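Biologist: I'd like to learn how to read the helices of a model, one feature at a time. Could you walk me through a case?

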Amino acid sequence: MQSNLLIDVGSIFSNLWDSMGLSQGGWQNYVMLLISFVLMFLAIVKKYEPMLLLPIAFGMFLINLPGAESVLWGTYTDAAHTYDSVTDRGLLWYLYYGVDKVIYPPLIFLGIGAMTDFGPLIANPKSMLIGAGAQLGVFIALFGAILLGFGGAEAAAIAIIGGADGPTAIYVTQKLAGDLLPMIAIAAYSYMALIPAIQKPIMRLLTTKKERAIRMKPLRQVSKVEKIIFPIAVTLIVGLILPSSVPLLGMLMLGNLFRESGVVERLSSQAQNGLMNTVTIFLGIAVGCKAKGDIFLTWDTLKIIGIGVVAFYCGTIGGLLTAKVMSKVTKGQINPLIGSAGVSAVPMAARISEDVGRETDPSNHLLMHAMGPNVAGVIGSALAAGVLLSIPW
C-alpha cells in the first residue's frame with residue numbers, strides 16, 4: 001500500500017515537472033525572451049514606435065515561454081487548416097487569422113487615411129516625385145536579396161522593408177513569403193522606430209548648410225472640393241493601372257474620404273481611434289507570436305536585418321537626391337531636406353526634416369512642406385507593393 005502511494009506521488013511530481021515550462025524549450029527560447037525584453041525597453045523607455053513595437057515584443061515574449069505555444073495556438077498552428085472542432089483552436093489562431101488572410105493591413109490603412117491630411121500633397125503635386133524617388137530603397141533591396149540567395153518572391157517581400165511602411169510590409173510578405181513574416185515585420189518596425197538615428201546623419205552629409213537654410217514659400221490653401229475629389233481620382237487612376245494595389249490604396253483613400261467629406265464624422269472617428277487601436281493590438285500580438293526562437297534565430301534573419309537597414313538608407317538617399325535635383329531645377333525654391341520625408345513613416349519622417357532644418361535656422365519651418373513628400377511616400381509604398389505583387393515570381 002505504501003509502495004503504491006509512493007508510486008502515485010512520484011507519478012504526480014513527474015507529470016507536474018513535464019507540464020512545467022522549465023522542462024521544455026531550448027536555448028533559442030531564452031535568447032528570444034531576451035530580445036523581447038530589449039524591444040519592450042525600446043518601446044516603453046525610448047518610446048520607439050510603441051504602438052506596434054510593444055504588442056509585437058509582448059507577443060514574442062508569450063510565444064517563447066517554454067510550453068506556452070500549444071496553449072496559445074491550440075492543437076494546430078495553421079490558420080488555414082480545416083478543423084473538426086473549434087476546441088482545437090487557441091486564442092492566437094483567431095488573432096492570426098487577420099494576418100493570414102491579410103485583413104489587418106488594409107484596415108490599418110483605412111485608419112491612416114482617416115488621420116492624414118493630403119492637403120500639402122495636393123498643394124504641391126511635385127512632392128509625388130520625391131515619394132517616388134524614396135522607393136529606391138525597395139528596388140535596391142530587391143536586387144540585394146536576390147544576390148544573397150533569396151528566391152524572387154522572398155526577395156520581393158524583403159525589399160518592401162525599404163518602403164518604411166509596416167502594414168505594407170506585412171501585406172506583401174504574407175502574400176509572397178509568409179514564412180518570413182516575423183523577421184520582416186520586426187525588422188520593418190524596428191527600423192521605423194530608429195528613423196531619427198538612420199536619417200539625420202545622411203541628411204547632414206548629403207546637403208550643404210546653404211541648402212538646409214532654404215526657406216520655402218507657404219503652401220496655397222487647398223479647397224474642400226479638391227480634398228474630396230483627390231481620394232476618388234487617385235483610386236480610379238491607380239485601380240485602372242495597378243489593381244493589385246487597390247486593397248491597400250483603396251482603403252487608404254476611403255479613410256481619407258471619410259475625413260474630408262464631413263458627412264460621416266462618426267465613421268471617421270471610429271476608423272481613427274477604436275478600429276485602428278483594436279487592429280493594431282491584434283496585428284502586433286499576432287506578428288510577435290510568430291517569432292519563435294527556432295524559426296527566428298537563423299542566418300536568413302541576419303541577412304534580412306542587414307538588407308532592411310540598407311533599404312532604409314537607400315530610400316532616404318533616393319528622396320534626398322530627388323529633392324536636390326528639384327532644388328537645382330527650381331533655382332532654390334525647394335529645400336532638399338524634405339526629400340528624406342519621402343519614405344512612408346508618417347509623420348515621423350516629416351518631423352525629422354523639420355528638426356534638421358531648424359538646426360541650421362531655428363525660425364525655418366519645413367514640417368508642412370515635408371508632409372507632402374511624406375504622404376506621397378505612403379502612396380508610393382502602396383504602389384511599389386502593387387508592382388511587386390503583380391510580378392509572377
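Biologist: Let's start with helix α20: what should its 13 residues span, and how far apart are its end C-alpha atoms?

Modeller: Happy to help, and please keep in mind that this model is predicted. The general idea is to count 1.5 Å a residue and set the result beside the distance between the ends. For α20, residues 348-360, the count gives 18 Å, and the end C-alpha atoms lie 19 Å apart, which agrees.

Biologist: Which residues of α20 are buried?

Modeller: Here you look for residues under 20% relative accessible area. In α20 these are A349, A350, I352, S353, E354, V356 and G357. Their cover includes α13, α14 (209-212) and α21 (367-390).

Biologist: Let's look at one residue of that cover. Where is R204 placed, and what does R204 touch beyond residues up to four places away in sequence?

Modeller: R204 belongs to helix α13, residues 195-206. Leaving out residues up to four places away in sequence, R204 touches R212, V356 and E359. To read such a meeting, compare separation along the chain with separation in space: R204 and G357 are 153 residues apart in sequence, yet their C-alpha atoms are 9.7 Å apart. R204 has a relative accessible area of 37%, so it counts as partly exposed.

Biologist: Now for a pair of helices. How do α3 and α12 cross, and with which hand?

Modeller: For a pair, read the approach of the axes, then the angle, then the hand. The axes of α3 (residues 50-63) and α12 (residues 181-193) come within 10 Å and cross at roughly 140°. The crossing of α3 past α12 is left-handed. On the α3 side, L52, L53, I56 and M60 meet I186, Y189 and S190 of α12. By type, the residues of this contact are six nonpolar, one polar and no charged.

Biologist: What else packs against the buried residues of α3?

Modeller: Besides α12, they pack against α2 (27-44), α4 (69-73), α5 (91-100) and α17 (265-288). The buried residues of α3 are L52, L53, P55, I56, A57, G59, M60, F61 and I63. The length check works here too: 14 residues should span 20 Å, and the end C-alpha atoms of α3 are 19 Å apart, which agrees.

Biologist: One last topic, cysteines. How many disulfides does the structure hold, and are C289 and C314 buried or exposed?

Modeller: The structure holds zero disulfides. C289 has 1% relative accessibility, so it counts as buried. C314, at 15%, counts as buried too.

How values were computed: Residues numbered from 1 in each chain as written. Predicted model: local features only at pLDDT ≥ 70, side-chain atom pairs only at ≥ 80, totals over all residues. Heavy atoms only, no water. Disulfide = S-S within 2.5 Å. Buried < 20%, exposed > 50% of the residue type's maximum accessible area, 1.4 Å probe, protein only. Helix = DSSP H or I, 4+ residues; strand = E, 2+ residues; numbered from the N terminus. Contact = heavy atoms within 4.5 Å. Expected span 1.5 Å × (residues − 1). Axes fitted to C-alpha atoms, helices over the stretch in contact; angles between N-to-C directions. Left-handed = near helix turned anticlockwise from the far one by under 90°. Nonpolar A, V, L, I, M, F, W, Y, C, P; charged D, E, K, R; others polar.
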